[in-house]
Amino acid sequence: MARSPIDLPRMQNQPRLRVAVARAPDLVPRDDEVAPKPRRPPMMRQFELIDRVKQFNPAANEDLLNRAYVYAMRAHGEQKRASGDPYFSHPLQVAAILTDLKLDDATIAAALLHDTIEDTDATRTEIDRLFGHDIGVLVEGLTKLKKLDLVSKEAKQAENLRKLLLAIADDVRVLLIKLADRLHNMRTLEHRPPEARRITAEETLDIYAPLAGRMGMQEMREELEDLSFRELNPDAYKVISERLETLAKRSKGWIAEIEQQLAKKLADSGIAAEVSGRRKRAYSIWRKMERKAVGFEQLSDIFGFRVVVGGAAECYRALGIVHTTWPVVPGRFKDYISTPKQNDYRSLHTTVIGPGKQRVELQIRTREMQQIAEYGIAAHALYKVSAGSPTEMLSRESNAYAWLRRTVAFGRRLQPGRVS
């Protein structure tokens, strides 16, 4: 198939053209020429973090979280990040990301403490004494992960990836904290030197984004991919993002019309549904263009619509209403409810020819399925008081965790010097 007349840059490690702008050394800008520096948002305070946790876990251990907050803040002291922000702002933001995932108190406390052994005078013994063995294990596991060089020669990379999987297998919370840590580092990547940015983005795209996807954490995977794409191929990222913005403005009325029509059709049939349209991210668009060798204008599924209903039976009823209202695009129906994906994802997918003869891609699911589609393994109730450890609960509830355990077991059999 012919490529679009406007060819997007390929994502390769090609040198970037930089234009140097000379300025006379004796030229002093006037006050009104100096752009004001953006004000940094204030750091989240203890009570704000506690409030975030108590929104989803009213029985949160406030004492534990307060002590972890104060200890980490004092341990990092005057340390600064490359941006000039206090270093403590980083573990605090990692903890905030984990509150969005509604994780347990121990995981959030470990997030606050996750760099203390590596970057301060804190020791594992002291962490155990002050916060307990469980949190000590998490913090030490993250310290070991930080030392792995995942962007390296292939043989060494395979061995380090095996070590990564071994480190996260016994307690998947180590992976969840690490993913949140990587997400915040990617959000603040611009403050680091160019080569460090490239290495971090490559590692994220090759290792951490796919791991997030394997764990069913699609929202995090997509953001990690997009941030990596922006760093590794800024020209293509800019072109696609601008086209997406233009298309979104042009399609605003059409999207609202489909949302309203679909919600009304379902309501008329007695199905209460939340209908929302969303556009795909730049990296997802770029990857599809590369895979299918098509131009941006040839893509027909840039926008998708999500239909969230009360139960599984209503998913199939909603599907029937959609299919009897608009013509179905052949070959585009998938039933991930009766046959879930390995990462626990469940949903009905279909594509129809909607209003204005536009292709409309639909995902139909329940609220519980929606939680798992967004947060994956983190959507399982790790923070709830229940019989068994988080690992035992996940072993019972999560196909994604079962995949991780099988992969690790295979890696252990291949461990050098070990007889299988």
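Trainee: Where do I start with Asp344: is Asp344 buried or exposed?
Mentor: Asp344 is buried, with a relative accessible area of 8%. A residue counts as buried under 20%. Keep in mind that this is a predicted model.

Trainee: Where is Asp344 in the chain?
Mentor: Look in the loop between β3 (334-335) and β4 (348-353). Then check its backbone. Most residues other than glycine have a negative phi. Asp344 is not a glycine, yet its phi is positive, about 80°.

Trainee: What is the phi of Lys102?
Mentor: Lys102 also has a positive value, near 60°, and is a residue other than glycine. Lys102 sits in the loop between α3 (89-100) and α4 (105-113). Its relative accessible area is 35%, which makes Lys102 partly exposed.

Trainee: Let me step back. How many helices and strands does the protein chain have?
Mentor: Count 17 helices and five strands. The chain has 420 residues, and 47% of them count as buried. About 22200 Å² is exposed, with carbon and sulfur atoms supplying 52% of that area.

Trainee: What share of the contacts joins residues at least 24 apart?
Mentor: Take the contacts between residues at least 6 apart in sequence. Of these, 69% join residues at least 24 apart.

Trainee: How do I read a sheet?
Mentor: Begin with the general idea. Strands of a sheet pair through backbone hydrogen bonds, either parallel or antiparallel. Now trace the order here. The open sheet of five strands runs β1-β2-β5-β4-β3, with mixed pairing.

Trainee: Which strands stand at the edges?
Mentor: β1 and β3 do. Each has a single partner strand, so one side of each lacks a neighbour in the sheet. Helix α15 (residues 367-375) packs on the sheet and touches β1, β2 (303-309) and β5 (359-366). The direction of α15 makes about 110° with that of β5.

Trainee: How many bridges join β3 to β4?
Mentor: Two, and these strands run antiparallel. Find the pairs yourself. Asp335 has Leu348 in β4 as its bridge partner. Lys334 stands opposite His349 in β4.

Trainee: How many bridges pair β4 and β5?
Mentor: Six, again in the antiparallel sense. One pair to find is Thr351 with Glu361, the latter in β5. The hairpin of β4 and β5 has five residues between the strands. There, Gly356 takes a positive phi near 70°.

Trainee: Is β4 mostly covered or uncovered?
Mentor: Mostly covered. Five of the six residues of β4 are buried.

Trainee: What about the nonpolar core?
Mentor: The general idea comes first. In soluble globular proteins, nonpolar side chains tend to be buried together. The largest nonpolar core here has 103 residues. Ile135, Met217 and Ile240 touch the most other members. Helix α12 (residues 234-268) gives the most to this core, with 11 residues.

Trainee: Which residues does Met217 touch?
Mentor: Leave out residues up to four places away in sequence. Met217 then touches several others, among them Leu101, Leu176, Leu179 and Ala212. The list also includes Tyr375 and Ile377.

Trainee: How many salt bridges does a search of the whole structure find?
Mentor: It finds 27. Try Glu203 with Arg182, where the closest N and O atoms are 2.5 Å apart. Glu203 is in helix α10 (residues 194-214) and Arg182 in helix α9 (residues 173-187). The two residues are 21 residues apart, and the pair links distant parts of the chain. Both ends are buried: Glu203 has a relative accessible area of 10%, and Arg182 has 7%.

Trainee: Which residue does Glu231 meet in a salt bridge?
Mentor: Arg197, at 3.2 Å from N to O. Glu231 lies in helix α11 (residues 218-232) and Arg197 in helix α10, so the pair ties together parts that are 34 residues apart in sequence. Glu231 and Arg197 are both buried.

Trainee: Which residue forms a salt bridge with Arg279?
Mentor: Glu245 does, with the closest N and O atoms 2.7 Å apart. Here a strand is tied to a helix: Arg279 lies in β1 (residues 274-279) and Glu245 in α12. Arg279 is partly exposed at 31% relative accessible area, and Glu245 is partly exposed at 39%.

Trainee: Which residues do shared salt-bridge partners join into one network?
Mentor: Pick out Glu219, Glu222, Asp226, Arg278 and Arg281.

Methods
Residues numbered from 1 in each chain as written. Heavy atoms only, no water. Core = buried A, V, L, I, M, F, W, Y, C linked by side-chain atoms within 4.5 Å. Buried < 20%, exposed > 50% of the residue type's maximum accessible area, 1.4 Å probe, protein only. Helix = DSSP H or I, 4+ residues; strand = E, 2+ residues; numbered from the N terminus. Contact = heavy atoms within 4.5 Å. Salt bridge = Lys/Arg side-chain N within 4 Å of Asp/Glu carboxyl O. Areas by Shrake-Rupley, 256 points an atom, 1.4 Å probe, with all protein chains shown as cover. Pairing = 2+ DSSP bridges. Axes fitted to C-alpha atoms, helices over the stretch in contact; angles between N-to-C directions.
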